[in-house]
Amino acid sequence: MDRTFTEHLLQWYDANRRDLPWRSNPEPYGVWISEIMAQQTQMERVVAYWRRWMERYPDLGSLAAASEEEVLKVWEGLGYYSRAKNIRKAAELILTDHAGVFPDEIKQIQALPGIGAYTAGAIASIAFNKVAPAVDANVLRVFARLLDIAEPVKAAKVKQEVEQAVLPLIPEKRPGDFNQALMEFGAMICSKRPDCDQCPMSQHCAAFANGTTGERPVLPRKRKAIHIEMATGVLVYNDKVLIQKRKPDDVWPGLWEFPGGCVEKGETPREALVREYMEEVELEIYPAEKITVVSYSYTKYRVTMHCYLCHSANNGQLKPVFNEAVTGQFVSPESLSSYAFPAGHRRLIECMLDEAWFDNLK
DNA sequence: AACACGTGGAT
DNA sequence: TATCCAAGTGT
């Protein structure tokens, strides 16, 4: 590998780069937001969220002034919600510790919450023109082929090796473009199924020369998915529905949901729901009609969620006690759109919007 | 080092 | 349909 590699790659990039909105003006705040959103997320999905975010929070000040509740709502649907919380925390830290100016030293950048080695290198190179590697999964895959690396690419040792290989290739004039070129090349040409016929870099590629392209990168073996059945209930009372806010240090911390839980062995979903309502909110309910079944997945779980319209078994005032949530409340159907829900519950809400009984609530 | 953390697109 | 996995970080 030598400097001709850099030239070839930048030539390819200049001719093929995607038109991403933050690229027209790579200032630190916008680049930072784009990089956090892009973590474990396909770039095409990021664009709409980024535009909405920048409209809502055009600068650090407006972001630091926002509540966590509000930020989670803007993030709703992107997943990995700690990213949104860390962005807000980091904004506060930049205001207090850096006089409101985004730090340009890589160590200071990486010290901010939610920013690791990759993101720090990406921001430093793209927004501040610093020569710093930004090794993401694309770059690891590309170099596993370029160097024909036979060890698992996720090993810390391989990542260091790749960082060392990348560093001398980064051009002083265009470090940010080079890092983005490497990632974009990995995403578009040197992807999971590489397009070696069209590859402008094959002359530099050891795996191509050795005929091992299909065996690189070496990946860890997969964990198997766990299937679970869940029951969820929409309790209607005085034309309002009960929602609760999930606890921190659990999945979906800070997001809202309808009460419910796992269907245990030997239980029907309806039985599980009655039990869960008693355990979670100390209310005696009965499930009426089945609204829908939502299938979704998160991390290693594949969930089948049975959803019921529920009523109270008692007359008179309902006083839920929130044993498994930070808080909760009865809210009007139309106000559901202002709370952040996990994707599965959001799909349940979408489904209810088509139902007459839901429409008839005041 | 290994696992948790979300979601939806691709195959 | 099932599985992979995408501009990773924190613990």
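I will talk about helix α2 and then about the surface near DNA strand C.

Before that, a word on conventions: this is a predicted model, in which local features need pLDDT of at least 70, side-chain atom pairs count only at pLDDT 80 or more, and totals for chains, interfaces and linings use all residues. Residues are numbered from 1 along each chain as its sequence is written, chains are lettered from A and ligands numbered from 1 in the order in which they are written, and side-chain values use heavy atoms, with hydrogens and water left out.

Let me start with the helix, where helices are DSSP runs of H or I with at least four residues, numbered from the N terminus. Helix α2 spans residues 28-38, and eleven of its eleven residues are buried, buried being under 20% relative accessible area with a 1.4 Å probe and protein chains only. Those residues, among them W32 and E35, pack against α3 (43-56), α4 (60-64), α5 (68-75), α6 (82-97) and α8 (117-128), with contact taken as heavy atoms within 4.5 Å. Just after α2, Q40 takes a positive phi of about 55 degrees.

Turning to the DNA, 25 residues surround strand C, and R23, M43, G114, D136 and K222 come nearest, a residue being near if one of its heavy atoms lies within 4 Å. Of the DNA strand C atoms within 4 Å of the protein, 65% belong to sugar or phosphate, and the rest to bases. A backbone N or O atom of G114 lies 2.4 Å from a phosphate oxygen of the strand, while for Y118 a side-chain N or O atom is 3.5 Å from a base nitrogen of DNA strand C.

How values were computed. Buried < 20%, exposed > 50% of the residue type's maximum accessible area, 1.4 Å probe, protein only. Helix = DSSP H or I, 4+ residues; strand = E, 2+ residues; numbered from the N terminus. Polar contact = N/O pair within 3.5 Å; in protein donor to acceptor, adjacent residues only side chain to side chain.
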